[in-house]
Amino acid sequence: MQKTKLIGALAFTPLLFAACEADSAKNKEILQGTPWKLYELAGQQVNNTGEEDSFTLNFNPADSSIYGKAVCNRYFSKYELIGKDSLAVGEMGATMMACPGMEFEFPYMQLFNGGVTYQVKDSVLTLLKGKKAVAVFHKYEQQSVPDMHTAETSLDYTGTYKGVMPCADCPGIDITINLLEDNKYTMVLNYQERASTFSSEGAYSIDKNIITLSTEDGPEYYFVGEGYLKRLDKDKQPVTGELADMYILKKAE
């Protein structure tokens, strides 16, 4: 009798694994195919905070991008689904505006630090760290969230941007980039404490939120947000590390 039970258990196991895999695949499909809106953050209801499209969350499996809006700032990054229910998100990029309700902005933007697990049930998305629910999202019915990949039509990106880039043998490089309306640009680099200034000009193109400058040394890539440019590496990824903030150029008023 005992041997018969063991054989029955072994026969059932593959069916159980198949059901788990099917559930996991379905959850991933719902997660990535649904626009989400925050309902609870750390146990506190916040669905009425901010504007209509505040606290929205979207996944685009085509390019593994995650984007949305916190209180008033739009954010964007890359994501990866790991295993059956784990979600890893890369370094966040975001616009930098101030508005009422900012006390929710920072904790919301920190949700994905260190990774989370997720549960999807009845049009409700729950994010967890360990066994603790840190955020609850409901399906966003309006589906009117502006796509973070439409800068060329939704952002006024032309204008003058200034910043200070890192320098290997000087305190910094003052950089000014002027994006003109005819897809031309000018750039001025001033090496601090070296009295060296270099000027250049050329053409640029924009694809979604990435501006490409054609330079003598090859293409330079910048992410364009609301009021800023962020220098990207050769793979069109944000520069990371201690000096990451020095790769941000702010738009002149």
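User: Is phenylalanine 104 buried or exposed in this model?

Analyst: The model is a predicted one, and every value discussed here is computed from it. Buried means under 20% relative accessible area, and phenylalanine 104, with a relative accessible area of 12%, is buried.

User: How should I read a pair of aromatic rings, and which kind of pair do phenylalanine 55 and phenylalanine 104 form?

Analyst: A pair of aromatic rings is described by two quantities, the distance of the centres and the angle of the planes. A search of the whole structure finds 9 aromatic pairs. One of them joins phenylalanine 55 and phenylalanine 104, whose centres are 6.5 Å apart and whose planes stand at 90°, an arrangement that is edge-to-face. Phenylalanine 55 belongs to the loop between strand E2 (44-45) and strand E3 (56-60), while phenylalanine 104 belongs to the loop between E7 and H2, so the pair ties together parts that are 49 residues apart in sequence. Phenylalanine 55 is buried as well, with a relative accessible area of 1%.

User: Why is the pair of tyrosine 108 and phenylalanine 137 called tilted?

Analyst: Planes under 30 degrees apart count as stacked, those over 60 as edge-to-face and the rest as tilted. The planes of tyrosine 108 and phenylalanine 137 are at 55°, with the ring centres 6.4 Å apart, so this pair is tilted. Because tyrosine 108 lies in helix H2 and phenylalanine 137 in strand E10 (residues 132-139), the pair ties together parts that are 29 residues apart in sequence. Tyrosine 108 counts as buried at 1% relative accessibility, and phenylalanine 137 counts as buried at 0%.

User: Which residues do ring pairs link into a cluster?

Analyst: The cluster that ring pairs link together is made of Phe55, Tyr75, Phe104, Tyr108 and Phe137.

User: What does the sign of phi tell me, and where does alanine 195 lie?

Analyst: Most residues other than glycine have a negative phi. Alanine 195 has a positive phi of about 50° although it is not a glycine, and this alanine sits in the loop between strand E13 (184-191) and strand E14 (196-207). Alanine 195 is exposed, with a relative accessible area of 78%. Phenylalanine 55, which is not a glycine either, has a positive phi of about 55°, but phenylalanine 55 is buried.

User: How far apart in space are tyrosine 39 and lysine 139?

Analyst: From C-alpha to C-alpha, tyrosine 39 and lysine 139 are 9.7 Å apart in space, although they are 100 residues apart in sequence. Tyrosine 39 is part of strand E1 (residues 36-41), and at 24% relative accessibility this tyrosine counts as partly exposed.

User: How is empty space found, and what volume has the second largest pocket?

Analyst: Rolling a probe the size of a water molecule over the atoms shows where empty space is left. The second largest pocket has a volume of about 480 Å³, and among the 23 residues that line this pocket, the closest to its centre are Met92, Gly93, Ala94, Met109 and Gln110.

User: Which helix supplies the largest share of that lining?

Analyst: H2 supplies the largest share of the lining of the second largest pocket, with 3 residues. Strand E7 (93-94), helix H2 (105-109) and strand E17 (228-232) each give at least two residues to the lining. Sorted by class, the lining has 12 nonpolar, 7 polar and 4 charged residues.

Key: Residues numbered from 1 in each chain as written. Predicted model: local features only at pLDDT ≥ 70, side-chain atom pairs only at ≥ 80, totals over all residues. Heavy atoms only, no water. 1 Å grid on protein atoms, 1.4 Å probe; cavity = no way out; pocket = protein on both sides within 12 Å on 5 of 7 lines; lining within 4 Å. Points joined across faces, edges and corners; volume = space filled by probe spheres on them. Helix = DSSP H or I, 4+ residues; strand = E, 2+ residues; numbered from the N terminus. Nonpolar A, V, L, I, M, F, W, Y, C, P; charged D, E, K, R; others polar. Phe/Tyr/Trp six-rings, centres within 6.5 Å; stacked < 30°, edge-to-face > 60°. Buried < 20%, exposed > 50% of the residue type's maximum accessible area, 1.4 Å probe, protein only.
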